[in-house]
Amino acid sequence: MSLHGRRVLYVESYTSSPNTIVEPSSDSIGYGITASRAIRDKLQAMGHDIIRSSAYMPRRKARSGALARSEWILLTYSAVLNCLSTNTPDLVFCFHAFQAFPAEIRRTLLDLNLRIPLIGYTHGTHWDLTDLFRHDRYPGLEFADLGNLYAMDRILVTSQYMRQTLHDNIGALNADLATLISSKVRVVGLPIDIETIEQYRTERRFPRVSIIYNHAPISAKDPMLFLDAITEVLRTHDVDILFTRKLPSHGPLRSRALTLNSRYPGRLHFGEDLPISDYYRWLWMADIQVSTALHESLGISTLEAMYTYTCCLLPRVGSYPELCDGDEQILYSRSADELIERLRYLIDNEKTRAELGERLRRLAFRFAPDPVARSIDAVIREVLGVPRPGQL
């Protein structure tokens with residue numbers, strides 16, 4: 001292995017078209033495409049030879065929904081085996097540790113008698129009790145999740161919040177195990193895809209002050225709180241409301257949103273899982289971004305909004321205080337009354353919106369591809385025993 005010849009098997013995550021029957025996950029139509037691409041491109045530019053797992057996979061069949069994801073995962077295991085047995089890399093990097101399981105990849109490495117470092121991201125975890133999506137979608141897999149963490153040589157997380165959450169909750173099970181897991185954790189962040197965001201920059205605006213909700217409409221994001229707030233805001237202010245993600249096909253959330261749409265025609269805009277190009281254009285056009293999340297391990301959609309000068313209102317939960325440096329003009333307590341009051345103030349005060357948007361954009365640059373890739377490169381060098389530049 002030469003200093004400039006680090007061969008990295010990059011185990012990609014599942015991606016899908018927004019136009020799918022089954023509700024797509026945020027990673028499959030969002031950061032699994034954008035952030036993953038930014039990481040690959042920057043690591044390649046830094047001298048790493050990136051071998052994509054998809055290069056060893058057959059052309060995907062026209063599947064839909066859960067079947068497509070499950071088939072992708074099975075094919076990924078075959079792709080990893082093919083690469084390891086024919087084109088042995090220096091390191092295996094998993095972008096998403098809860099898709100193709102690192103524990104299974106570790107077993108494959110052991111069967112092949114390969115002592116290759118294995119690192120990867122955990123995006124959310126069963127060991128975060130607020131991660132309702134993980135618990136609802138994959139109940140009973142807490143120890144599979146833990147096994148994946150244990151199997152990796154280094155665990156990449158997106159925030160200090162994730163590091164501390166893993167330590168505290170695993171520690172409640174076993175203090176020694178928590179200490180071991182924590183010794184493997186490295187906080188590296190997750191990049192926003194600045195190049196693509198800039199590609200779709202626009203000076204167009206919505207007809208009125210616009211409030212964008214760019215989260216998945218799932219329980220962990222508490223979209224009903226957003227609906228509670230905008231119901232009251234629309235009574236007093238002429239604003240545009242933007243939903244980037246497709247609402248459920250039935251149920252109270254959709255019913256309430258459609259009722260509001262009938263009451264205020266032309267004011268609610270439904271993106272229906274916007275393609276990335278249109279999604280980024282909407283962010284450039286929006287004035288205010290709102291999160292009502294109960295859980296947030298990073299907040300990539302908020303970082304994207306921050307980069308486009310959008311003024312954000314964020315609940316004081318999870319990693320959000322990290323993203324905005326604890327700015328009390330940005331954070332709120334997740335009460336509908338406070339959210340309504342803060343929204344009305346920002347709608348009425350363009351100068352404040354602009355000042356906060358400028359401030360947040362500067363903070364978003366901490367998650368540009370370059371600094372995140374340098375952090376990941378440092379982890380790769382650490383596990384491979386390669387000196388950092390300047391240490392030769």
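Colleague: Why is C94 called buried or exposed in this model?

Modeller: This is a predicted model. C94 has 1% relative accessibility. Buried means under 20%. C94 therefore counts as buried.

Colleague: How do you know whether C94 is in a disulfide?

Modeller: A disulfide needs two cysteine sulfur atoms within 2.5 Å. For C94, the nearest cysteine sulfur belongs to C83 and is 12 Å away. C94 is in no disulfide.

Colleague: What about C311, and which cysteine sulfur is nearest?

Modeller: That of C312, at 6.7 Å. The cut-off is 2.5 Å. C311 is in no disulfide. The structure holds zero disulfides.

Colleague: What makes C311 buried or exposed?

Modeller: Its relative accessibility is 1%. The limit for buried is under 20%, so C311 counts as buried.

Colleague: Why is D222 called partly exposed?

Modeller: D222 has 21% relative accessibility. Buried would need under 20%, and exposed would need over 50%. D222 therefore counts as partly exposed. D222 lies in the loop between β7 (210-213) and α10 (223-236). Its phi is positive, about 50°, although D222 is not a glycine.

Colleague: Where is Y309, and what is its phi?

Modeller: Y309 is in the loop between α13 (300-307) and β11 (311-315). Phi of Y309 is near 70°, a positive value in a residue other than glycine. Y309 has 33% relative accessibility. Partly exposed is the class between under 20% and over 50%, so Y309 counts as partly exposed.

Colleague: Why is helix α12 called largely enclosed?

Modeller: Count its residues. α12 spans residues 276-285, and eight of the 10 are buried, so the rest of the structure largely encloses this helix. The buried ones are I276, S277, Y279, Y280, W282, L283, W284 and M285.

Colleague: What makes β9 and β12 edge strands?

Modeller: Look at the strand order. The open sheet has six strands, β9-β8-β7-β10-β11-β12, with parallel pairing. β9 (268-270) and β12 (331-332) each have a single partner strand, so one side of each lacks a neighbour in the sheet.

Colleague: How do you know that β8 pairs with β9?

Modeller: Pairing takes at least two bridges. β8 (residues 240-243) has three bridges to β9, and the two strands run parallel. In β9, F270 is the bridge partner of F243.

Colleague: Which strands does α13 touch as it packs on the sheet?

Modeller: α13 touches β10 (288-290) and β11. The direction of α13 makes about 155° with that of β11.

Methods:
Residues are numbered from 1 along each chain as its sequence is written. This is a predicted model: local features need pLDDT of at least 70, side-chain atom pairs count only at pLDDT 80 or more; totals for chains, interfaces and linings use all residues. Side-chain values use heavy atoms; hydrogens and water are left out. Buried means under 20% relative accessible area, exposed over 50%, partly exposed in between (1.4 Å probe, protein chains only). Helices (H or I, at least four residues) and strands (E, at least two) are DSSP runs, numbered from the N terminus. Contact means heavy atoms within 4.5 Å. Axes are lines fitted to C-alpha atoms, for helices over the stretch in contact, and angles run from 0 to 180 degrees between N-to-C directions.
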